[in-house]
Amino acid sequence: MSDPRNVAHDKKVKQEKEHQHEKAETESKPKKEQAEAKESEAPETPPAPPADLAKSQAVLSKLKEMEFHSRANIETLAGLTLEIEEELKQKDFSGPIGDLYSAQDQFQTKILALVESYEGHLGTMKE
């Protein structure tokens, strides 16, 4: 499986090349054609109906709730790690707990990014 950072970089490079190509095309068109093209273009995202906005806000609320529980899980796992290692002296179980902590931390990072992205999407829906 490829690294997501490489995929994201490749996508960004591709978008930049397309943007440069489009820019070069528009610069070569006469001003009158450019004005006509801009008038004929539709906005990228039409305003969302109120029902879609309400449903999207409900989805955002659920995502934020998941992020909250994820943060609580990380705190609980950290406490369990200390308890298992230092109080109970059960070093055999500190590895699996550490693996769970790592997985939960990765989830936390991804859910935070998703919440931020979705909030931005909702901002464009409201406009």
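Glu67 is buried, at a relative accessible area of 10%. Buried here means under 20% relative accessible area, exposed means over 50%, and partly exposed lies in between (1.4 Å probe, protein chains only). The model is predicted: local features need pLDDT of at least 70, side-chain atom pairs count only at pLDDT 80 or more, and totals for chains, interfaces and linings use all residues. Residues are numbered from 1 along each chain as its sequence is written, and side-chain values use heavy atoms, with hydrogens and water left out.

Glu67 pairs with Arg71 in a salt bridge, at 2.7 Å from N to O. A salt bridge is defined as a side-chain nitrogen of Lys or Arg within 4 Å of a carboxyl oxygen of Asp or Glu. Both residues, Arg71 and Glu67, belong to helix α3. They sit four residues apart, about one turn of the helix. Arg71 is partly exposed, with 38% relative accessibility. Side chains of opposite charge can pair when their charged atoms come close.

The structure contains two salt bridges. Lys64 and Glu119 form a salt bridge, their closest N and O atoms lying 2.9 Å apart. This pair links distant parts of the chain, 55 residues apart. Lys64 lies in helix α3 (residues 50-87) and Glu119 in helix α4 (residues 94-126). Lys64 is partly exposed at 39% relative accessibility. Glu119 is also partly exposed, with a relative accessible area of 33%.

The protein has four helices and zero strands. Its pattern along the sequence is α-α-α-α. Helices (H or I, at least four residues) and strands (E, at least two) are DSSP runs, numbered from the N terminus.

Helices α3 and α4 also meet in the largest nonpolar core, each supplying at least two of its residues. A nonpolar core is a set of buried Ala, Val, Leu, Ile, Met, Phe, Trp, Tyr and Cys residues joined through side-chain atoms within 4.5 Å. The largest one has seven residues: Leu53, Leu60, Leu63, Ile111, Val115, Leu122 and Met125. Helix α4 gives the largest share of this core, four residues.

Across the whole protein, 15% of the 127 residues count as buried. The exposed surface is about 10,500 Å², and carbon and sulfur atoms supply 56% of it. Accessible areas come from the Shrake-Rupley method with a 1.4 Å probe; for residues, only the protein chains shown count as cover. Among contacts (heavy atoms within 4.5 Å) between residues at least 6 apart in sequence, 76% join residues at least 24 apart.
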